[in-house]
Amino acid sequence: MEVEDHFLSAADVEAAAAAAGPADVEMDGPAPGEEDRPSFPALSAAEMSDGRSELRRIPVPPHRFTPLRENWMKIFTPIVEHMKLQIRMNTKHRQVEIKTCEATEDPGALQKAADFVKAFMLGFAVEDAVALLRLDELYLDSFDITDVKPLGGEHVSRAIGRIAGKGGKTKFTIENVTKTRIVLADTKIHILGAYQNIRVARDAIANLILGSPPGKVYGKLSTVSARIAERF
């Protein structure tokens, strides 16, 4: 049995399209009304603030004054050259002042720069803190040991020792597993990292403060970190 091949001519295609109606025919070019829709360019930081410059002041603790002087160019360069901001050290009031200018393009540049300088003041290395300028999903979190459990006397020192570990081993392990950076400043604990990673690191530190042995904390860290890696 022979099968005849059927070919549609151009007239047949046009007739089928007309019968289908306008709803079933794809249209080239913009949809009706899109040509009249206004298109606005993105506003710069100066335009969003009506041409007024914004200012942030970050106080400098006494023990960070010398490190700030030694690392000033490492802080100055990315803020001025990459974020297009103005920065100066106010020695009279002992604070760092950051201000927007006409060259500032990113509306969030001022807040990023303030977080960067604040992270350095809390004790983070410049190489770690500068990630706050490059990545939007990084945050700072701070809490006190006594927020987890009210301790006094030598119990506070023991809790700090459990968090740090011998030669800083426990702290380094938490940092490497959770991809965060941790600073121990007396009873204050500062964590730099992504939101989910900060939460995991904070739970691990809280368990150490409450008295859990490091081995048990390491096991929980590995389980939670593997779960986060699978999720993301």
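This report walks through the chain as a whole, then a pair of residues in one strand, then a pair of packed helices.

The model is predicted, so to speak of local features pLDDT must be at least 70, side-chain atom pairs count only at pLDDT 80 or more, and totals for chains, interfaces and linings use all residues. Residues are numbered from 1 along each chain as its sequence is written, and side-chain values use heavy atoms, with hydrogens and water left out.

**The chain overall**

There are twelve helices and six strands in the chain; these are DSSP runs numbered from the N terminus, with helices being H or I of at least four residues and strands E of at least two. Of the 232 residues, 34% are buried, meaning under 20% relative accessible area with a 1.4 Å probe and protein chains only. Contacts here are heavy atoms within 4.5 Å. Taking those with a separation of 6 or more, 58% are between residues 24 or more positions apart. The accessible surface is about 15400 Å², and carbon and sulfur atoms hold 53% of that; the areas come from the Shrake-Rupley method with a 1.4 Å probe.

**Two residues in strand 3**

Strand 3 covers residues 95–99 and includes Glu-97, and Gln-95 sits in that strand too. Here they are next to each other:

| Residue | Relative accessible area | State |
|---|---|---|
| Glu-97 | 8% | buried |
| Gln-95 | 15% | buried |

What does the side chain of Glu-97 pair up with? One polar contact, at 2.7 Å, goes to the side chain of Arg-88, and another, at 3.0 Å, goes to the side chain of Asn-90. A polar contact is a pair of N or O atoms within 3.5 Å; within protein, one must be able to donate a hydrogen and the other to accept it, and residues adjacent in sequence count only if both atoms are side-chain atoms.

Leaving out residues up to four places away in sequence, Glu-97 also touches others, including Leu-55, Arg-56, Gln-86 and Ile-87. With its neighbours within four places set aside, Gln-95 has contacts that include Ile-58, Pro-59, Val-60 and Met-89.

**Helices 10 and 11**

Helix 10 (residues 169–178) packs against helix 11 (residues 195–209) at about 155°, with axes 9 Å apart. Axes are lines fitted to C-alpha atoms over the stretch in contact, and angles run from 0 to 180 degrees between N-to-C directions. The two helices are therefore roughly antiparallel, a label for angles over 145 degrees. From helix 10, Thr-170, Ile-174 and Thr-178 meet a set of helix 11 residues, among them Val-200, Ala-204 and Leu-208.

Conventions:
Buried means under 20% relative accessible area, exposed over 50%, partly exposed in between (1.4 Å probe, protein chains only). Angles under 35 degrees count as roughly parallel, over 145 as roughly antiparallel, 65 to 115 as roughly perpendicular and the rest as oblique.
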